[in-house]
Amino acid sequence: MLSCKHTIAQGTDYLDKELGFWRKVEMKMHLMICVNCRRYVKQLKQTVVMLSKGQFKQPSEQQVEQLKQEYQDVASKQ
Ligand SMILES: [Zn+2]
């Protein structure tokens, strides 16, 4: 079973559909049982959508990184 840290770290790859089949299955399984990571992926998705729509003047990896960092902090406190 994937840990929260792993799930968060792979979040962007998951959304970019860059994960292999089993990794994807593992992610989905984890997301089914973990509210935290579900919330993270959802927020990440919204961020990516906003970036792709150009709602930010400078699409920044920073925002994605910041989000990742925040959730990793949460995950490590559990
Ligand atoms: Zn999790």
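Q: Which residue follows H4, and what is the sign of its phi?
A: Gly 54 comes after H4, and its phi is positive, near 70 degrees. "H4" is a label from DSSP: helices are runs of H or I with at least four residues, strands are runs of E with at least two, and numbering starts at the N terminus. This is a predicted model, where local features need pLDDT of at least 70, side-chain atom pairs count only at pLDDT 80 or more, and totals for chains, interfaces and linings use all residues. Residues are numbered from 1 along each chain as its sequence is written.

Q: Which residue other than glycine has a positive phi?
A: Look at Lys 17, whose phi is near 60 degrees. Lys 17 lies in the loop between helix H2 (11–15) and helix H3 (21–33).

Q: Is Lys 17 buried or exposed?
A: Count C-beta atoms, placed from the backbone, within 10 Å of the residue's own: 20 or more others make it buried, 12 or fewer exposed, and anything in between partly exposed. Lys 17 has 7 such neighbours, so it counts as exposed. Asp 16 sits in the loop between H2 and H3 too. Asp 16 is exposed because it has 9 C-beta neighbours inside 10 Å.

Q: How far is Asp 16 from Lys 45?
A: Along the chain they are 29 residues apart. In space, their C-alpha atoms are separated by 9.7 Å.

Q: How do I check the length of H4?
A: Take 1.5 Å times one less than the number of residues; that is the expected span. H4 has 18 residues, so 26 Å is expected, and its end C-alpha atoms are 26 Å apart, which agrees. Try H3 next. Its 13 residues should span 18 Å, and its end C-alpha atoms are 19 Å apart, which agrees.

Q: Which residues of H3 are buried, and where on the helix do they lie?
A: Met 27, His 30 and Leu 31 are the buried residues of H3. Their arc, taken from the directions from the helix axis to the C-beta atoms, is only 100 degrees, which puts them on the same side of H3. What covers them includes H1, H2 and H4.

Q: What does the other face of H3 carry?
A: Turned away from the buried side are exposed residues, among them Phe 21, Trp 22 and Lys 28. Lys 28 has 11 C-beta neighbours inside 10 Å, so it counts as exposed.

Q: Which residues of H4 are buried?
A: They are Cys 37, Tyr 40, Val 41 and Leu 44. Down the axis of H4 they fall within an arc of 95 degrees, so they line one face of the helix. Their cover includes helix H1 (4–9), H2, H3 and H5. The face turned away carries exposed Val 35, Lys 42, Gln 46 and Val 49.

Q: How do H4 and H5 pack?
A: Helix H4 (residues 35–52) and helix H5 (residues 61–77) meet at about 175 degrees, with axes 10 Å apart. An angle over 145 degrees counts as roughly antiparallel. H4 and H5 are therefore roughly antiparallel to each other.

Q: Which residues make the contact?
A: Contact requires C-beta atoms, placed from the backbone, within 7 Å. H4 gives Asn 36, Tyr 40, Gln 43, Leu 44 and Thr 47. H5 gives Gln 63, Val 64, Leu 67, Tyr 71, Val 74 and Ala 75. The residues of this contact divide into 7 nonpolar, 4 polar and no charged.

Conventions:
Axes fitted to C-alpha atoms, helices over the stretch in contact; angles between N-to-C directions. Parallel < 35°, antiparallel > 145°, perpendicular 65-115°, else oblique. Contact = placed C-beta atoms within 7 Å. Nonpolar A, V, L, I, M, F, W, Y, C, P; charged D, E, K, R; others polar.
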